[in-house]
Amino acid sequence: MSRIAVIDADLIGRKRHRFPNLVCMKLSGYHKDMGDKVILKTDYEKLDSFDKVYIAKVFTDTKIPSAVLSLPNVEYGGTGFFYDKAVPLPEEIEHHKPDYHLYDAWIRTQLAAGKKRQEFRYYTDYAIGYLTRGCFRHCEFCVNRNYDRVKKHSPLSEFMDAGRKKICLLDDNFLGYPEWKTLLMELQQTGLPFQFRQGLDERLLTDEICELLFTAKYDGAFVFAFDNLAEAELIERKIRLLRKHTHAIPEFYCFTGYDREGKWDAAFWHRDILELIRRIEILMRYRCLPYIMRYCRYGESPYRGIYITLARWCNQPAFFKKKSLHEFVMANGVNSASYRYLSDFEREFPEAAYFLDLKFGEV
């Protein structure tokens, strides 16, 4: 029997961690079935006492002590290390049932420290996995840019668990799979609420998809993406189609701060802000919620504070639904950083002054 340490680096290196690492759970499940003793290690101390140490991370900016990665018993991987060049797991691990109890001890310590159980619902309530993998969009910024199609990845039974009352799917572009309907019907037949955490491609919506999707036992908000203003006409057309079938308030990821021409010059930063607020305005009109996702280089922008303020406003639906940007900033006070950023916005973007008082549902 070997002693195995599994390290979720994001769990250690980030302030907030609300989703388990699926690779860590698969590694744990595999080694436990091999008869090994597995623990979730929540620090980098005494790693030499283990026969094997696995370190995985999702986010590229999660910090790890550099000396740790050179230890002879350490193996590391994941998009956080290699982005789109990450080496796939061996088949016997990739298709192993996740160990849904890997995080149990850590959760107990968090609850004992006063955290709310609801914060850990993805650790305790959901069966997690992929039905399909891949995408055909080739978005330059995406970790899936090397794929050219969507293909079947695993059967639902591979990651289902009797103790889990909900299903969370991590599929890259589920609706791009030719047999999406068959898989969607399988999901519905479980009788369990399910969600696509990575979102769905609204550009692929049809009346048939909308009818099946919006009558399903869906868990949480429907999530889509609006990453490029050049697709505004198509996005609006699909939202109008969506509105024929549901009054639900969907969320749209709005990726910003990424220059497709690779310049990141003054002209780009100015244009990018204007295109972002235009996307927010369109989503407001159709009673949809924007969720701002900033590319890591946004911090280089002379409008860094404006990006931060827009994200704080949009990414808190309780505020976004009730307050205009101007009202949101004023609620922070005239001495706040948000107020200073808003003043910068008014000075730098006089053509967008109208935007300050737009409100969700009133556009």
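Select R108 and A112 on helix α5 of this predicted model: both are exposed, and they lie on the side of the helix opposite its buried residues. Next, select W106, I107 and Q110, the buried residues of α5, which spans residues 104-112. These residues cover an arc of only 100° around the axis, so they fall on the same side of α5. To see what covers them, display the surrounding elements, which include α1 (9-13), β2 (37-40) and α6 (121-124). Before leaving this region, select G114 just after α5, where phi is positive at about 105°.

**The parallel sheet**

Now turn to an open sheet of three strands, arranged in the order β10-β11-β12 with parallel pairing. Select β10 (223-225) and β12 (289-294), the strands at the edges; each has a single partner strand, so one side of each is left without a neighbour in the sheet. Neighbouring strands of this sheet are turned against each other by 30° on average, direction ignored. For the contact between β10 and β11, select residues 251-256 as well: the two strands pair in the parallel sense over three bridges. One residue pair to display here is A225 with Y253, its bridge partner in β11.

Add helix α10, residues 266-285, which packs on the sheet and touches β11 and β12; the direction of α10 makes about 175° with that of β11. Then add helix α11, residues 304-314, which also packs on the sheet and touches β11 and β12. The direction of α11 makes about 140° with that of β12.

**The nonpolar cores**

Select Y103, I280 and W313 next. Within the largest nonpolar core, which has 100 residues, these three touch the most other members. The largest share of this core, nine residues, comes from α10. Center the view on W313 and display its contacts beyond four places in sequence: I280, M284, F319, F320, K323, S324, L325, F328, F355 and L358. A second, separate core holds 11 residues, and A5, I7, F50 and V68 are among them.

**A loop leucine**

Move to L192, found in the loop between α7 (180-190) and β9 (194-196). Is L192 buried, partly exposed or exposed? With a relative accessibility of 21%, L192 counts as partly exposed, because the buried class ends at 20%. Leaving aside neighbours within four places in sequence, L192 is in contact with M160, R164, K165, I167, L187 and K217. Select D219 too: the C-alpha atoms of L192 and D219 are separated by 8.9 Å, although the two residues are 27 residues apart along the chain.

**Two loop residues with positive phi**

Most residues other than glycine have a negative phi. The last two stops depart from this pattern.

Select Y83, in the loop between α3 (79-82) and α4 (91-94). Y83 is not a glycine, yet its phi is positive at about 50°. The relative accessibility of Y83 is 31%, so this residue counts as partly exposed.

Finally, select H138, placed in the loop between β6 (132-133) and β7 (151-152). What is the phi of H138? The value is near 55°, again positive in a residue other than glycine. H138 has a relative accessible area of 43% and is therefore partly exposed.

Key:
Residues are numbered from 1 along each chain as its sequence is written. This is a predicted model: local features need pLDDT of at least 70, side-chain atom pairs count only at pLDDT 80 or more; totals for chains, interfaces and linings use all residues. Side-chain values use heavy atoms; hydrogens and water are left out. Helices (H or I, at least four residues) and strands (E, at least two) are DSSP runs, numbered from the N terminus. Buried means under 20% relative accessible area, exposed over 50%, partly exposed in between (1.4 Å probe, protein chains only). The arc is that of the directions from the helix axis to the C-beta atoms. Contact means heavy atoms within 4.5 Å. Two strands pair if DSSP finds at least two bridges between them. Axes are lines fitted to C-alpha atoms, for helices over the stretch in contact, and angles run from 0 to 180 degrees between N-to-C directions. A nonpolar core is a set of buried Ala, Val, Leu, Ile, Met, Phe, Trp, Tyr and Cys residues joined through side-chain atoms within 4.5 Å.
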